[in-house]
Amino acid sequence: MADKSQFEKLSLEFNEQQNTLNDLISTRSQLETQYQENKIVLNEFDSLNDESKIYKLTGPILVPQEFAEAKLNVTKRIEFIEDEIKRAETKISEEEKKIEGTREKLLAIRASMGA
Amino acid sequence: MPGQPTTVDLNSLAPQQLVDFRKSIDQEINHFTQSLQALQTAQTKLKECITSIDNLESSKSDDLLIPLTSSLYLPGKSLKKNEFLVDIGTGYFVEKSAKDAKQVYEFKINKLNDDAKKLKDILVQKNEILNSVNLVLRKKMIEYESQQEAAQKA
């Protein structure tokens, strides 16, 4: 009987870990969307110069902004997002390892229960 | 899914594995079809922007109706016809001439077109895989049934 309760505990754990992994993956894809969007904006800035009139949407109003400042902001944001992506990816691989471990334990218990 | 160099013979898989495999392909196809639709909606929106610029440029009068809500409008006049604020993403707007503004949108539309093409290729590939999985699965079912029949006769 000890095997059975442990088996249930492990499979709950397994499910939980899979949910965390799914959450992590959706965070990762959200970051990717932001990253791509910012890269498009930066591309656009590359074709502009100091003369261009740039506005930043803050709440419902457009605030004029200097070209250099806006470009710096976007560059910084891209760096920030890159770091976030790296963090998310390490988390994902850690979670995957955990899941693999739980799965092996589950299989071992199932084998011993079958015996 | 990245194409993995290891090939697996579909015939060597158990029926249950085939069914699972088919399920995951189905999900992928759904996902890609949705993405494709999203791309197409985005394209239509961008095209509307270009049409709006064209309309404004070609109209001779400066009169226009400004929407306050979708059903309430105010008569207004446009002061400048060659200056547009273009949303370039993440809350940044840039003042552009009609020509430049259209260029931005056309560039985006072309990019989306390329992406849509790639997606369509992937969809075609996935559908091919789905078809061959279905084929093998059907073959397995027929084999299984004939085996059962043989067993009953014996």
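**Figure 1. The hairpin of β3 and β4 in chain B.** In this predicted model, B:Asp87 stands opposite B:Phe93, a residue of β4(B). This pair belongs to the antiparallel partnership of β3(B) and β4(B), which extends over five bridges. Together the two strands form a hairpin, and two residues lie between them. Strands of a sheet pair through backbone hydrogen bonds, and the pairing may be parallel or antiparallel. Within a regular strand, side chains alternate between the two faces of the sheet.

**Figure 2. B:Thr90 in the turn of the hairpin.** B:Thr90 is located in the loop between β3 and β4 of chain B. The phi angle of B:Thr90 is near 45 degrees, which is a positive value in a residue other than glycine. Is B:Thr90 buried, exposed or partly exposed? B:Thr90 counts as partly exposed because 16 other C-beta atoms lie within 10 Å, whereas a buried residue would need 20 or more and an exposed one 12 or fewer.

**Figure 3. The sheet shared by chain A and chain B.** Which strands form the open sheet, and in what order? The four strands follow the order β2(A)-β1(A)-β4(B)-β3(B), with antiparallel pairing. At the edges are β2 (61-65) of chain A and β3 of chain B, each of which pairs on one side only. From one strand to the next, the twist averages 35 degrees. Helix α2(A) packs on the sheet and touches β1 and β2 of chain A as well as β4 of chain B. The direction of α2(A) makes about 55 degrees with that of β1(A).

**Figure 4. The junction of β1(A) and β4(B).** Strand β1 (residues 54-58) of chain A runs antiparallel to β4(B), and three bridges join the two strands. A:Ile54 has B:Val94 as its bridge partner in β4(B). A:Lys56 stands opposite B:Tyr92 of the strand β4(B).

**Figure 5. The side of chain B that touches chain A.** How many residues of chain B are in contact with chain A? Nine residues of chain B contact 14 residues of chain A. Strands β3 (84-89) and β4 (92-96) of chain B each contribute at least two residues to this side of chain B. The most comes from β4(B), which gives four residues. By residue type, this side of chain B comprises five nonpolar residues, three polar residues and one charged residue.

**Figure 6. The largest nonpolar core.** This core has 14 residues. Those with the most contacts inside the core are A:Val41, A:Ala70, B:Ile88, B:Tyr92, B:Val94 and B:Ala101. The elements that supply two or more residues to the core are α1 and α2 of chain A, and β3, β4 and α2 (98-153) of chain B. Which residues does B:Ile88 touch, not counting residues up to four places away in sequence? B:Ile88 touches A:Val41, A:Glu44, B:Val94 and B:Val104.

**Figure 7. The hairpin of β1 and β2 in chain B.** Strand β1 (residues 63-69) of chain B pairs with β2(B) in the antiparallel sense, over six bridges. A hairpin connects the two strands, β1(B) and β2(B), through two residues. B:Thr69 stands opposite B:Leu72, a residue of β2(B). Strand β2 (residues 72-77) of chain B is hardly covered, as zero of its six residues are buried.

**Figure 8. A:Asn19 in helix α1 of chain A.** A:Asn19 has its place in helix α1 of chain A. Why does A:Asn19 count as exposed? A:Asn19 counts as exposed because it has 10 C-beta neighbours inside 10 Å, and the limit for an exposed residue is 12 or fewer. A:Asn19 and A:Gln36 are separated by 17 residues in sequence and, from C-alpha to C-alpha, by 26 Å in space.

**Figure 9. Confidence of the prediction.** The mean pLDDT is 92 for chain A, where 97% of the residues reach 70 or more. Among the elements of chain A, helix α1 (residues 2-46) has the lowest mean pLDDT, at 92, and helix α2 (residues 67-114) has the highest, at 94. For chain B the average pLDDT is 90, and 96% of the residues score at least 70. For the complex, the predictor gives an ipTM of 0.71 and a pTM of 0.73. Where pLDDT is low, the predicted coordinates should not be read in detail.

Definitions and conventions
Residues numbered from 1 in each chain as written. Chains lettered and ligands numbered in written order. Predicted model: local features only at pLDDT ≥ 70, side-chain atom pairs only at ≥ 80, totals over all residues. Contact = placed C-beta atoms within 7 Å. Nonpolar A, V, L, I, M, F, W, Y, C, P; charged D, E, K, R; others polar. Pairing = 2+ DSSP bridges. pLDDT = per-residue confidence, 0-100. Core = buried A, V, L, I, M, F, W, Y, C linked by C-beta atoms within 7 Å. Axes fitted to C-alpha atoms, helices over the stretch in contact; angles between N-to-C directions.
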